[in-house]
Amino acid sequence: MNIAPQVSVVIPVKNGERYLRTAIESVLNQTYSASEIIVVDDQSTDDTLNIAQSYTNVQCVAGPGLGSAAAYNQGITAATGELIAFLDHDDYWASDKLAVQISYLISHPEVQYAIAEMQLFLEPGHPIPPGLRPELLEKPVVAPLPGTLMARKTVFEQVGLFNPTLNTAEDVDWFARCHDAQIVGATIPQVLLHKRVHQTNLSFNATNNNQNLLKVLRASIQRKRQLQQES
């Protein structure tokens with residue numbers, strides 16, 4: 001008899017009282033139940049912690065106050081499931097997100113992680129950020145982001161955690177390291193993440209993002225050169 005895999009859900013948050021309930025409830029309403037929900041409160045000063053603690057089946061972990069990458073890492077370290085999924089506090093999942101990805105990973109044991117498509121939506125009352133092309137709001141796009149990611153926990157032992165020195169593009173860096181290490185991933189052509197767009201999204205800060213993307217690209221080139229020298 002096959003044993004259903006356990007999945008840990010990590011939700012990093014800082015001062016997210018406005019959106020956190022929606023995120024948590026989108027996890028609680030999944031057709032496949034998570035074995036644990038870990039909210040990493042990154043030293044919030046609003047009502048975030050009280051909201052998270054109001055859910056009896058949510059585990060609250062104190063974040064280091066060093067940004068999203070460090071908070072993701074805190075959650076990974078605390079996670080006990082063999083599979084790990086991530087959700088930013090201002091986004092929410094389709095109700096079958098976990099079920100779809102778990103089914104895929106069970107059917108494809110060679111695949112170490114899976115991503116999916118996302119649908120962006122603009123928070124009412126907020127203008128489109130300068131770093132976002134308006135046409136991206138019109139249709140789903142493939143999204144190599146933590147919010148669509150489900151990974152076997154062993155992947156993080158192979159390629160490491162998210163880079164805490166990057167305050168954006170830490171996900172780009174992680175996926176690049178997976179690619180360079182020839183870790184097998186897959187893309188599920190289905191919208192599993194609804195990503196909220198608002199003015200405080202760090203990922204839409206074009207200047208900061210571009211600087212970090214250059215760092216990621218240089219690091220990937222260096223890894224490839226090193227592999228060529230070793231081969």
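Here are four short exercises with worked solutions on the structure above.

This is a predicted model, in which local features need pLDDT of at least 70 and side-chain atom pairs count only at pLDDT 80 or more, while totals for chains, interfaces and linings use all residues. Residues are numbered from 1 along each chain as its sequence is written, and side-chain values use heavy atoms, with hydrogens and water left out.

**Exercise 1. Getting an overview**

Task: Find how many helices and strands the protein has, and what share of its residues is buried.

Solution:
- Step 1. Begin with the secondary structure: there are 7 helices and 9 strands. Helices (H or I, at least four residues) and strands (E, at least two) are DSSP runs, numbered from the N terminus.
- Step 2. Turn to burial: 49% of the 231 residues count as buried. Buried means under 20% relative accessible area, exposed over 50%, and partly exposed in between (1.4 Å probe, protein chains only).

**Exercise 2. Exploring the largest core**

Task: Work out which residues have the most contacts inside the largest nonpolar core, and which element gives the largest share of it.

Solution:
- Step 1. Fix the term: a nonpolar core is a set of buried Ala, Val, Leu, Ile, Met, Phe, Trp, Tyr and Cys residues joined through side-chain atoms within 4.5 Å.
- Step 2. The largest such core has 37 residues, and Val7, Ile11, Trp93, Leu98 and Met150 have the most contacts inside it.
- Step 3. Elements giving two or more residues to this core include strand S1 (7-13), helix H1 (20-28) and helix H4 (97-107). The largest share, 5 residues, comes from S9.
- Step 4. Now look at Leu98. Leaving out residues up to four places away in sequence, Leu98 touches Val7, Val9, Gln30, Tyr32, Ala34, Ala85, Trp93 and Met150. Contact here means heavy atoms within 4.5 Å.
- Step 5. Apart from this core lies another, of 23 residues, with Tyr72, Ala79, Ile84 and Phe175 among them.

**Exercise 3. Following the aromatic rings**

Task: Describe the pair formed by Phe86 and Phe156, and say why it ties together parts far apart in sequence.

Solution:
- Step 1. Rings of Phe, Tyr and Trp (its six-membered ring) pair if their centres lie within 6.5 Å; planes under 30 degrees apart count as stacked, over 60 as edge-to-face and the rest as tilted.
- Step 2. That rule gives 11 aromatic pairs. In the edge-to-face pair of Phe86 and Phe156, the centres are 6.1 Å apart and the planes form an angle of 75°.
- Step 3. Because Phe86 lies in strand S4 and Phe156 in helix H5, the pair ties together parts that are 70 residues apart in sequence.
- Step 4. Both Phe86 and Phe156 are buried. They also belong to one aromatic cluster with Tyr72, Tyr113, Phe162, Trp174 and Phe175.

**Exercise 4. Contrasting two polar residues**

Task: Decide whether Arg196 and Gln43 are buried or partly exposed, and find their polar partners.

Solution:
- Step 1. Arg196 is in strand S9 and is buried, at 9% relative accessible area.
- Step 2. The side chain of Arg196 has a polar atom 2.8 Å from the backbone oxygen of Asp90. A polar contact of 2.8 Å also joins the side chains of Arg196 and Glu123. A polar contact is a pair of N or O atoms within 3.5 Å; within protein, one must be able to donate a hydrogen and the other to accept it, and residues adjacent in sequence count only if both atoms are side-chain atoms.
- Step 3. Gln43 sits in the loop between S2 and H2 and is partly exposed, with 49% relative accessibility.
- Step 4. The side chain of Gln43 reaches the backbone oxygen of Pro64 at 3.2 Å.
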